[in-house]
Amino acid sequence: MAIDRASKFFDHLDELRYQPTEKRVRVLAGGTTVADTRAALLIWEPRRVVASYAIPTVDIRGDLVAIEATAADERPVQLGAGPPVLDPSTAFAFHTAAGTPVEIVSGAARGVGYRLADPDLDGYLVLDFDAFDWLEEDESIFGHPRDPFSRIDMRSSSRHIRIELGGVVLAESSRPVLLFETMIPARFYLPADDVQVALTRSDTRTVCAYKGHATHWSVDVAGEDGTNIAWSYEKPPPELSQVAGLVCFYQERVDVTLDGVAQLRPVTPWS
């Protein structure tokens with residue numbers, strides 16, 4: 001019997017998952033090298049959709065000190081029929097697998113880790129990504145480790161897209177760039193000239209591990225509903241330069257008509 005590959009992804013979300021990587025991974029804090037390893041693991045705690053790095057404790061340059069657990073709020077998101085997943089913004093301190101929090105002390109550098117109580121992961125420590133600077137080989141990474149089972153494809157298109165909110169046409173284009181990312185709805189990146197309303201630059205900045213740092217835009221004519229309704233990557237990594245400067249609206253929050261067919265608003269962590 002044939003299976004839907006995407007459905008299998010959700011079958012294991014409530015389990016602790018890991019994947020070895022061949023990348024050399026270095027962890028720094030304030031210029032101090034906290035860890036340098038060629039044996040890192042990618043770790044997904046139950047219901048997490050974004051990975052963290054686990055580092056062999058033998059490769060950590062510092063002391064590991066047991067600390068009290070810190071309270072953190074759960075941020076659930078209902079994506080399908082199964083149990084809710086955790087919004088990627090859920091703090092590192094919120095854990096869904098048994099373990100012990102520790103502090104890494106390396107000279108003046110400090111950071112938090114989590115020792116999972118799982119025999120298959122004995123000798124590893126999951127590190128709080130946001131507490132450190134990271135290198136894969138000799139290149140900096142940001143946001144979170146990239147998922148080896150995820151990819152991005154971009155395709156120039158002549159499909160006609162119309163974006164509205166409250167009956168107001170925000171943009172209309174027949175020259176979008178479609179960005180396809182694993183397990184995320186296709187995104188429609190439009191030339192700024194095809195946006196039909198004024199965009200106001202927001203103070204909001206977000207980061208994507210793949211596309212870089214995003215500038216957000218608001219549409220004043222839409223009132224509160226138009227706040228941070230679109231984004232653009234002004235300086236994406238070279239491999240994603242095709243979307244540089246293009247504008248993408250959250251189709252979770254606008255009405256999209258594609259080739260004359262009205263689209264349902266998807267449900268995602270950004271809804």
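Contact here means heavy atoms within 4.5 Å. In this predicted model, Trp134 is a useful residue to begin with. Leaving aside neighbours within four places in sequence, Trp134 is in contact with Val25, Arg26 and Val27. Its other partners on the same terms are Tyr53, Ile55, Leu127, Asp128, Phe129, Glu139, Ser140 and Ile141.

Several of these residues appear again in the largest nonpolar core, which has 21 residues. Trp134 is among the residues with the most contacts inside that core, together with Val27, Val34, Tyr53, Ile55, Leu127 and Phe132. Two or more core residues come from each of the strands E2 (25–29), E3 (32–37), E4 (41–44), E5 (52–56), E9 (99–106) and E11 (124–127). Strand E2 gives the most, with three residues.

A second core is separate from this one and has 19 residues, including Ile163, Phe188, Val197 and Val247. As for annotation, the unreviewed UniProt entry marks residues 161–252 as "domain: DUF427". Over residues 161–252 the chain is 49% strand and 0% helix. The C-alpha atoms at the two ends of this stretch are 15 Å apart.

The surface also has nonpolar residues. Phe9, Phe10 and Met183 form a nonpolar patch there, and together they have about 250 Å² of accessible area. Of these, Phe10 lies in helix H1, which covers residues 5–11. Is Phe10 buried, exposed or partly exposed? Phe10 counts as partly exposed because its relative accessibility is 37%, and the partly exposed class lies between under 20% for buried and over 50% for exposed.

Methods: Residues numbered from 1 in each chain as written. Predicted model: local features only at pLDDT ≥ 70, side-chain atom pairs only at ≥ 80, totals over all residues. Heavy atoms only, no water. Patch = residues over 30% accessible without salt bridge, like charges linked within 9 Å, V, L, I, M, F, W, Y side chains within 5 Å. Areas by Shrake-Rupley, 256 points an atom, 1.4 Å probe, with all protein chains shown as cover. Salt bridge = Lys/Arg side-chain N within 4 Å of Asp/Glu carboxyl O. Helix = DSSP H or I, 4+ residues; strand = E, 2+ residues; numbered from the N terminus. Buried < 20%, exposed > 50% of the residue type's maximum accessible area, 1.4 Å probe, protein only. Core = buried A, V, L, I, M, F, W, Y, C linked by side-chain atoms within 4.5 Å. UniProt positions renumbered as here; feature names shortened; annotations may be inferred.
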